[in-house]
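Before you work with this entry, please read the points below with the structure open beside them. They are meant for someone who is meeting it here without earlier acquaintance.

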Amino acid sequence: MTNKYTNPCTRCGKERIQSKKWKEKTVTFSGTTIVVTRTQNICPDPDCQKIVDKELRAQKAKRDKIKSDREERVAENLAKKADIKKAHLLKTA
């Protein structure tokens with residue numbers, strides 16, 4: 001029995017086409033190296049693909065901003081904890 005897999009465009013619904021295929025060597029958790037085949041699929045409509053790329057860039061920028069904001073908050077909280085600990089040690093000394 002063969003399954004037919006589909007990969008429709010997220011915007012227009014047309015069947016996406018393969019634009020690029022390459023192999024990468026990846027190190028696994030156990031330390032062995034494996035070869036992974038990667039593919040890049042795009043919408044056959046170039047205008048639609050430009051819009052999809054723009055939306056993906058906006059989503060990535062939003063995720064990156066959220067990640068950097070979180071890292072800043074974590075660093076600030078660690079600094080506050082260190083200051084509190086230092087103040088507590090000075091009081092008890």
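The numbered points that follow go from the overall layout to single residues.

1. To begin with the status of the coordinates, this is a predicted model, and every statement in this note should be read with that in mind.

2. The chain contains one helix and two strands, and, followed from the N terminus, these elements come in the order β-β-α. Strand 1 covers residues 17-27 and strand 2 covers residues 33-42, while helix 1 takes up residues 46-92.

3. The overall dimensions deserve attention before any detail is considered. A compact globule of 93 residues would be expected to have a radius of gyration near 12 Å, whereas the chain has 24 Å. Along the principal axes, the C-alpha atoms of the chain occupy a box of roughly 75 × 40 × 25 Å.

4. The surface and burial values can be read next to those dimensions. Of the 93 residues in the chain, 5% are buried, and the chain exposes about 8,600 Å², of which carbon and sulfur atoms supply 56%. Among the contacts in the chain with a separation of 6 or more, 31% are between residues 24 or more positions apart.

5. The two strands form a hairpin, with strand 1 and strand 2 pairing in the antiparallel sense over ten bridges. Two pairs of facing residues help to locate the register: Gln-18 stands opposite Asn-41 in strand 2, and Lys-23 stands opposite Thr-37 in strand 2. Five residues lie between the strands of this hairpin, where Gly-31 takes a positive phi near 100°.

6. Val-35 is a useful place to look at the hairpin more closely, since this residue belongs to strand 2 and makes contacts away from its own stretch of sequence. Leaving out residues up to four places away in sequence, Val-35 touches Lys-23, Glu-24 and Lys-25. Between Val-35 and Glu-24 the C-alpha to C-alpha distance is 5.6 Å, although the two are eleven residues apart in sequence. Is Val-35 buried or exposed? With a relative accessibility of 52%, Val-35 counts as exposed, because the cut-off for that class is over 50%.

7. Glu-24 also takes part in a salt bridge with Arg-38, in which the closest N and O atoms are 3.3 Å apart. Since Glu-24 lies in strand 1 and Arg-38 in strand 2, the pair ties together parts of the chain that are 14 residues apart in sequence. Both partners are classed as partly exposed, with a relative accessibility of 30% for Glu-24 and of 36% for Arg-38. As general background, side chains of opposite charge can pair when their charged atoms come close.

8. The length of helix 1 can be checked by a simple calculation. At 1.5 Å a residue, the 47 residues of helix 1 should span 69 Å, and the end C-alpha atoms are indeed 69 Å apart, so the expected and modelled values agree.

9. Which residues of helix 1 are buried? They are Cys-48, Gln-49 and Val-52, and these buried residues pack against strand 2. Gln-49 illustrates the arrangement, for its relative accessible area is 12%, and it therefore falls under the 20% limit used for buried residues. Apart from neighbours within four places in sequence, Gln-49 is in contact with Ile-42 and Cys-43.

10. The structure holds four salt bridges, and helix 1 includes two that can be described together. The side chains of Asp-64 and Lys-60 meet at 3.0 Å, N to O, and those of Asp-69 and Lys-65 meet at 2.9 Å, N to O. Asp-64 and Lys-60 are four residues apart in helix 1, about one turn of the helix, and Asp-69 and Lys-65 are likewise four residues apart, so that about one helical turn separates them.

11. The accessibility of these helix residues completes the picture. Asp-64, at 38% relative accessibility, is partly exposed, as is Lys-60, with a relative accessible area of 44%. Asp-69 also counts as partly exposed, at 26% relative accessibility.

Terms used
Residues numbered from 1 in each chain as written. Predicted model: local features only at pLDDT ≥ 70, side-chain atom pairs only at ≥ 80, totals over all residues. Heavy atoms only, no water. Pairing = 2+ DSSP bridges. Expected span 1.5 Å × (residues − 1). Buried < 20%, exposed > 50% of the residue type's maximum accessible area, 1.4 Å probe, protein only. Contact = heavy atoms within 4.5 Å. Rg over C-alpha atoms; globule rule 2.2 N^0.38 Å. Areas by Shrake-Rupley, 256 points an atom, 1.4 Å probe, with all protein chains shown as cover.
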